[in-house]
Amino acid sequence: MHRPGPDPRPTGTDRDPGSLTAVIDLHTHSTVSDGSDDPARIAELAAGAACSAVALTDHDSLAGIDAARKRADELGVTLVPGCEVSCVPVGSGGVHVLVYFVDDEGSALGTELGRLRQDRHQRNLALIDRLVALGIPVTYDQVVAVAGGEEGVGRPHFAEALVAVGAAESVDDAFERYLANGRLAYVPKGRLNPADVAQLALASGGVAVLAHPFSTGLEGVGLARFVGELAEAGFGGIEAVYGRYSPRQRQELGNLARRFDLVATGGSDYHGRTKPDLAVGTGRGDLKVHDGVLARLEARRPGA
Ligand code: AMP
Ligand code: ZN
Ligand code: FE
Ligand code: FE
C-alpha cells in the first residue's frame, strides 16, 4: 500500500526501517578460523559498511576478539564477541550454533572450545594421512601455509591445498571428491549437541543462536519442530537474515522466530576471499540487519 504524505513515525527508533537507523552484522570470520582477513580488518570493513556493531564469530575460537575490539573501539564500532560451533548434525545437514557475548577463554564455553580445537587438530592430522594414503601429494605444511598458521585449520584450507596440488578443480570439487561427509577422505571430529552449547553459553553469560537454519537440511514442519526444541533448550535466537538467503527464506525464518519467541538475528557470514560473494554488513548487497536486533539479543543474556 502506498501511503502519500509525510511518514508520521518517529525517525531513528526501532520502528523506522529507513536509512537513519544503523545496521549491524552478527556473523563474520577472520584468519583466526577460515576467513582471509585478520580480526582488526573485520572491524575496519564493518566501519566502512557503516555498521554500528559487528560480531566476530570464528569457528571454535575467541582468539580474535581482543584485536578486533581494539580496532573497533578506535573506529567507534561496537565489537560483539562471538564464536560459531559446529554441532552434531540433524537429518542430512549440519547444525552450526553462534554464541554471543562470551569473550573469556576461561569460561565454561571457552574451556570447551579448547577441547574442540584439540580434537580438530587430531582430525586434521588424520585427514592428511587419509589423503596421502589415497596417493595425493599434499602435506600438512602446505595446508598450514594456506591457512596462514596452525590455528583454525579446517576443511576449507584442505580444499584450497587440494586445488593447488591439482587434485581437485575447485574448492567445491575438493569437498565433493574428498572432504564432504561420507567422501573418500572424510574424518569426523568431536561435536557437541546444540542443547549443550546453549547451556555452556548461558553458564558463560552468553546467548546461543542457530546459524543459517536451512543448512540443517530441514524445512517446513521438520524445521519448526527442531527450532521449537532449541527454544526449549535455552536458545535465544535463530539467524533469519542470512547473507545467502532469499527474501522469502528470511521471512519464513522470521515467522519461526516469532512463533517460538526467539530473536530473529542476521549476518553476512563474511569469510573474505573464500566466499567472495559476501561483504561485511551488506552480504550480497541486500543484507540489512537493524541495530535493534542486538538490543533484543542482549536482553536474552542470563540476568539481563
Ligand atoms: P571443518 O570445521 O574443518 O570440518 O570445516 C567446516 C567448513 O567447511 C564449513 O564451515 C564450510 O565452510 C565448509 N564446508 C563443509 N562442507 C562443505 C561442502 N560440502 N562444500 C563446501 N564447503 C563445505
Ligand atoms: Zn567458516
Ligand atoms: Fe556456519
Ligand atoms: Fe559462519
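This text walks through the surroundings of ligand 1 and then the iron site. The model is predicted.

Start with ligand 1. It sits in the largest pocket. Three helices each give two or more residues to the shell around ligand 1: helix H3 (108-133), helix H5 (155-164) and helix H6 (171-179). The residues around ligand 1 include Arg 120, Arg 123, Gly 154, Arg 155 and Pro 156. Asp 172, Phe 175, Ala 180 and Lys 189 are also among them. Two histidines, His 59 and His 96, belong to the list as well. By class, the shell divides into 5 charged, 3 polar and 3 nonpolar residues.

Now look at the arginines. Arg 120 places a polar side-chain atom 2.9 Å from an oxygen atom of ligand 1. For Arg 123, a polar side-chain atom lies 2.7 Å from an oxygen atom of the ligand. Arg 155 has an N or O atom in its side chain 2.7 Å from an oxygen atom of ligand 1. How much of ligand 1 does the protein bury? Taken alone, ligand 1 exposes 500 Å², and the protein buries 73% of that.

Next comes the metal site. Which residues coordinate the iron ion (ligand 3)? Glu 84 does so through OE, His 96 through ND1 and His 212 through NE2. The distances run from 2.1 to 2.3 Å. Along the chain, these donors follow the spacing E-x11-H-x115-H. The site links distant parts of the chain, with Glu 84 and His 212 lying 128 residues apart. Glu 84 is in strand E3 (residues 78-90). His 212 is in the loop between strand E5 (207-210) and helix H8 (220-232). A zinc ion (ligand 2) is 5.6 Å from the iron ion (ligand 3).

One residue ties the two parts together. His 96 is among the residues around ligand 1, and His 96 also coordinates the iron ion (ligand 3).

Terms used. Residues are numbered from 1 along each chain as its sequence is written. Chains are lettered from A and ligands numbered from 1 in the order in which they are written. This is a predicted model: local features need pLDDT of at least 70, side-chain atom pairs count only at pLDDT 80 or more; totals for chains, interfaces and linings use all residues. Side-chain values use heavy atoms; hydrogens and water are left out. A residue is near a molecule or strand if one of its heavy atoms lies within 4 Å of it. A polar contact is a pair of N or O atoms within 3.5 Å; within protein, one must be able to donate a hydrogen and the other to accept it, and residues adjacent in sequence count only if both atoms are side-chain atoms. Accessible areas come from the Shrake-Rupley method with a 1.4 Å probe; for residues, only the protein chains shown count as cover. On a 1 Å grid over the protein atoms alone, a cavity is a set of points where a 1.4 Å probe fits but cannot get out, and a pocket is an open set with protein on both sides within 12 Å along at least five of seven lines; lining residues have an atom within 4 Å of a point. A molecule sits in a cavity or pocket if more than half of its atoms lie within 2 Å of its grid points. Helices (H or I, at least four residues) and strands (E, at least two) are DSSP runs, numbered from the N terminus. Ala, Val, Leu, Ile, Met, Phe, Trp, Tyr, Cys and Pro count as nonpolar, Asp, Glu, Lys and Arg as charged, and the others, Gly among them, as polar. Donors are N, O and S atoms within 2.8 Å of the metal (3.2 Å for Na, K and Ca); water is not among the atoms, so sites may look incomplete.
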